[in-house]
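Trainee: I should like to learn how to read the features of a structural model. May we go through one together?

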Amino acid sequence: MNTFLTLSIGFLAQLFFSARILVQWILSERAKRVVSPSIFWILSLAGSFLLCLYGWLRDDFSIILGQFISYYIYLWNLKEKGIWRKIPALIKGIFLMMPAVAATFMVHDAETFINDFFKNDDVPLWLLIFGSTGQIIFTLRFVYQWIYSFRSKQSVLPAGFWIISLLGSSIIVTYGAIRLDPVLILGQSFGVVAYIRNLYIWYHQSKSTDHEN
């Protein structure tokens, strides 16, 4: 597939991810507290699918790894928001099976998969490990968010989510700079501002709650 189309898919994925952060940021500013709107998770799911496809076309295992981990957490949050039950059964089935189908294709020819992803001259092993570490940390924010929300019995975006986001994003931006990947650099750079702002809102929200108590 030509480079233009591959980059277009990557930028479209980052557009969805940037849009989710922008919408969440605006709604949080209006509410004067950190909110977890349904549209955030809908845009997350769309962006995750496209970025996984982009990683596949770029032979970049670290990108795919990050999306596989967070995919079902997006679905869980949609369920908590009441969106999942409104989706037709056929579409639900496609969403649920998509990662399994992709994984099947990945391991169908194990030798080719290993050569493409782990013996890629464009991505030496040390860089693959570095990029994968960033993706894992970045994705762990959703694991943390899921655990926190599960205990709270509602979908929320706690302070730890934004702290982990900042750490993971910094590593991914560095990885993207080394790989000269404009999709990763632009997509992550935009998010950093929103992560810091959400932490600022959360801090003032906590102070207000303490004063009220």
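Trainee: What percentage of the 213 residues of the chain count as buried?

Mentor: Please note at the outset that this is a predicted model. Burial is judged by relative accessible area, with under 20% as the cut-off. By that criterion, 43% of the 213 residues count as buried. The accessible surface of the chain comes to about 11,300 Å², and 68% of that surface belongs to carbon and sulfur atoms.

Trainee: How many helices and how many strands make up the secondary structure of the chain?

Mentor: There are eight helices and zero strands. Read from the N terminus, the order of elements is therefore α-α-α-α-α-α-α-α, under a numbering that starts at that end. As for contacts with a separation of 6 or more, 75% are accounted for by residues 24 or more positions apart.

Trainee: How does the reach of helix α7 from its first C-alpha to its last stand against the expected value?

Mentor: The expected span rests on a rise of 1.5 Å a residue. Helix α7, residues 159-179, has 21 residues and reaches 30 Å, close to the 30 Å expected. Its buried residues include the aromatic side chains F161, W162 and Y175, together with A159, G160, S165, G168, S169, I171, I172, G176 and R179. Just after α7, L180 takes a positive phi of about 55°.

Trainee: Which residues meet in a salt bridge, and at what N to O distance?

Mentor: A salt bridge is recognised when a side-chain nitrogen of Lys or Arg lies within 4 Å of a carboxyl oxygen of Asp or Glu. The count here comes to one salt bridge. In that bridge, the side chains of R197 and E29 meet at 2.4 Å, N to O. The pair links distant parts of the chain, with R197 in helix α8 (residues 182-212) and E29 in helix α1 (residues 3-31), 168 residues apart.

Trainee: Why does R197 count as partly exposed?

Mentor: The class covers the range between the buried and exposed limits, 20% and 50%. R197 has 28% relative accessibility, so it counts as partly exposed. E29 also counts as partly exposed, because its relative accessibility is 27%.

Trainee: Where is S36 found, and with which residues is S36 in contact beyond its neighbours within four places in sequence?

Mentor: S36 is found in the loop between α1 and α2 (38-57). Its relative accessibility is 8%, so S36 counts as buried. Leaving aside neighbours within four places in sequence, S36 is in contact with W41, K81, S155, V156 and L157. With W41 there is also a polar contact of 3.0 Å between the side chains.

Trainee: Which residues make the nonpolar surface patch?

Mentor: A patch is assembled from residues with over 30% relative accessible area. Here, Y72, L96, M97 and V101 make a nonpolar patch of about 360 Å². Helix α4, residues 89-108, gives the most to the patch, with three residues. V101 lies in that helix and is partly exposed, with a relative accessible area of 40%.

Trainee: What separates the C-alpha atoms of I147 and I73?

Mentor: Separation along the chain and separation in space are to be read side by side. The two residues are 74 residues apart along the chain, and their C-alpha atoms are separated by 10.0 Å. I147 lies in helix α6 (residues 125-152), and at 34% relative accessibility I147 counts as partly exposed.

Technical notes: Residues numbered from 1 in each chain as written. Predicted model: local features only at pLDDT ≥ 70, side-chain atom pairs only at ≥ 80, totals over all residues. Heavy atoms only, no water. Helix = DSSP H or I, 4+ residues; strand = E, 2+ residues; numbered from the N terminus. Expected span 1.5 Å × (residues − 1). Buried < 20%, exposed > 50% of the residue type's maximum accessible area, 1.4 Å probe, protein only. Patch = residues over 30% accessible without salt bridge, like charges linked within 9 Å, V, L, I, M, F, W, Y side chains within 5 Å. Areas by Shrake-Rupley, 256 points an atom, 1.4 Å probe, with all protein chains shown as cover. Contact = heavy atoms within 4.5 Å. Polar contact = N/O pair within 3.5 Å; in protein donor to acceptor, adjacent residues only side chain to side chain.
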